[in-house]
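Colleague: I have just opened this one and would love a friendly tour. Could you take me through it step by step?

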Amino acid sequence: MDRRKFLQIPIAAVPAFLASRVFGQERSKFPLSSAMRVRGPVVVSTWDSGVTANNAAWPLLRKRGNAIDAVEAGGRASELEPSCCVGLDAWPDRDGKVTLDACVMNGNGDIGAVSFLERIKHPVSVARAVMEKTPHVLLSGEGAQEFALANGFKLESGELSEDAKKEWAEWLKNSQYKPGINVERRPNIILQFAPNYFENGKPNHDTMGTVALDSKGMLAGMVTTSGMAFKMRGRVGDSPIIGAGLFVDNEVGAATSSGLGEEVIRICGTHTIVEQMRLGRTPEQACREAVRRIVKRDPVKAKEFQVGFVALSRTGAIGAFAVQPGFTYTITNEQFPKGKIFEAKSHF
Ligand code: SD4
């Protein structure tokens, strides 16, 4: 079925049981109250499809595993799941090449990242290797790929997936770079996994950000992404930039972002959030403050893009805030072992 025809299918036609069978939970229309704290280990990921990352991370956390291992497992699972749109099957840049960004960070300030990485299946694990095996914090492009190959990662073909080929061919007809709001991707695959993406007609994303708190009280986070679809070759977004797409500090908490990366970098988004939490704001208030700074700069332009933040405090308080409606996040813990999806409050 072609994509336009597909989009004409009313959401009412989607069998509701599919959502509950795949995710075990329907999306909650209401965000957690900013005062809500969860007890014990927890993993929180951006978007509905964060359930893929959380499902991989949670078994480790539940067995008293380390937060850093859990978030890496979450990233790897997302990179293999086409509906997450973050790994080698994701959308290419405008030249038809998939270029990947990723980072990891733990609560002690250990960091590793890769950007503009091509033909490697698990950028999140390369980022972790940068953290553990080099004196550096960020490797990019060819150098990152050489480092990956020297550390046992395999060079993949670089062929686009069939879906990505079609989307790129479609995009080439106008060749206009125009990031959307909660960008609509792969409707057929998404329908299968998350029918509720189509509520409000505002589906989807292409970044997985995950933060976790383990049973020893350690925090960690990761981000993995193919970046904005049809970006300029060499463009790097917020996702691998520590302090923009991810920041973690065991004294305070952790935050991650999704959306138009340039806007997140401009305000050092996640670092801002953690620092706001340090000053006493709740996770939701801190995310809201970061969104306020983004919108304030150009309130008219802000109507056309999405940025969403989610934050987790060291005591297990969770909050989120976004520029536009439709930014969702998934929480998995003892209380929600199959993951529970929430929609963040938003500026507009
Ligand atoms: C980027 N922040 O490359 C990423 C893209 C994203 O949902 O989050 N898309 O700017």
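**A tour in questions and answers**

Modeller: Gladly! Ser115 belongs to strand β3, which covers residues 111-117. Keep in mind that this is a predicted model.

Colleague: Is Ser115 buried or exposed?
Modeller: A residue counts as buried when its relative accessible area is under 20%. Ser115 has a relative accessibility of 4%, so this serine is buried.

Colleague: Which residue does the side chain of Ser115 make a polar contact with?
Modeller: A polar contact needs a pair of N or O atoms within 3.5 Å. For the side chain of Ser115 there is such a pair at 2.8 Å, and the partner is the side chain of Ser140.

Colleague: Let's turn to the ligand. Which of the 12 residues around the ligand come nearest?
Modeller: Two of the side chains here have polar atoms facing ligand atoms. A side-chain N or O atom of Asp206 is 2.3 Å from a ligand nitrogen, and one of Thr207 is 2.6 Å from a ligand oxygen. The full set that comes nearest is Asp206, Thr207, Arg235, Asp238 and Gly259.

Colleague: How much of the ligand's area does the protein bury?
Modeller: The backbone takes part as well, with a polar atom of Gly261 2.9 Å from a ligand oxygen. Taken alone, the ligand exposes 290 Å², and the share of this that the protein buries is 97%.

Colleague: How many residues of the shell around the ligand are polar?
Modeller: The shell divides into three kinds of residue. There is 1 nonpolar residue and there are 3 charged ones, while the polar ones number 8.

Colleague: Which helix gives the most to the largest nonpolar core?
Modeller: That core has 50 residues, and Ile273, Phe309 and Tyr329 touch the most other members. With 6 residues, the helix that gives the most to this core spans 283-297 and is α11.

Colleague: How many residues does the second, separate core have?
Modeller: Its members include Leu61, Leu117, Val126 and Met131. This second core is separate, and its residue count is 31.

Colleague: What about cysteines: how far from Cys85 is the nearest cysteine sulfur?
Modeller: The structure holds 0 disulfides. A disulfide would need two cysteine sulfur atoms within 2.5 Å. Cys85 is in no disulfide, and the nearest cysteine sulfur, that of Cys84, lies at 7.8 Å.

Colleague: Is Cys85 buried or exposed?
Modeller: Buried means under 20% relative accessible area. The value for Cys85 is 2%, so Cys85 is buried.

Colleague: What is the distance between the C-alpha atoms of Ala254 and Val310?
Modeller: Ala254 sits in strand β8, residues 253-259, and is buried at 0% relative accessibility. Along the chain, Ala254 and Val310 are 56 residues apart, yet their C-alpha atoms are separated by 8.5 Å.

Colleague: And which residue, 152 residues from Asp69 along the chain, has its C-alpha atom 9.7 Å away?
Modeller: Asp69 is part of helix α4, residues 67-80. Asp69 is partly exposed, with a relative accessible area of 29%. The residue whose C-alpha atom is 9.7 Å from that of Asp69 is Gly221.

Colleague: One last stop: what is the phi of Phe230 near?
Modeller: Phe230 is in the loop between β6 (219-225) and β7 (246-249), and counts as buried at 9% relative accessibility. Its phi is positive although the residue is not a glycine, with a value near 65°.

Notes
Residues numbered from 1 in each chain as written. Predicted model: local features only at pLDDT ≥ 70, side-chain atom pairs only at ≥ 80, totals over all residues. Heavy atoms only, no water. Near = heavy atom within 4 Å. Polar contact = N/O pair within 3.5 Å; in protein donor to acceptor, adjacent residues only side chain to side chain. Areas by Shrake-Rupley, 256 points an atom, 1.4 Å probe, with all protein chains shown as cover. Nonpolar A, V, L, I, M, F, W, Y, C, P; charged D, E, K, R; others polar. Core = buried A, V, L, I, M, F, W, Y, C linked by side-chain atoms within 4.5 Å. Buried < 20%, exposed > 50% of the residue type's maximum accessible area, 1.4 Å probe, protein only. Helix = DSSP H or I, 4+ residues; strand = E, 2+ residues; numbered from the N terminus.
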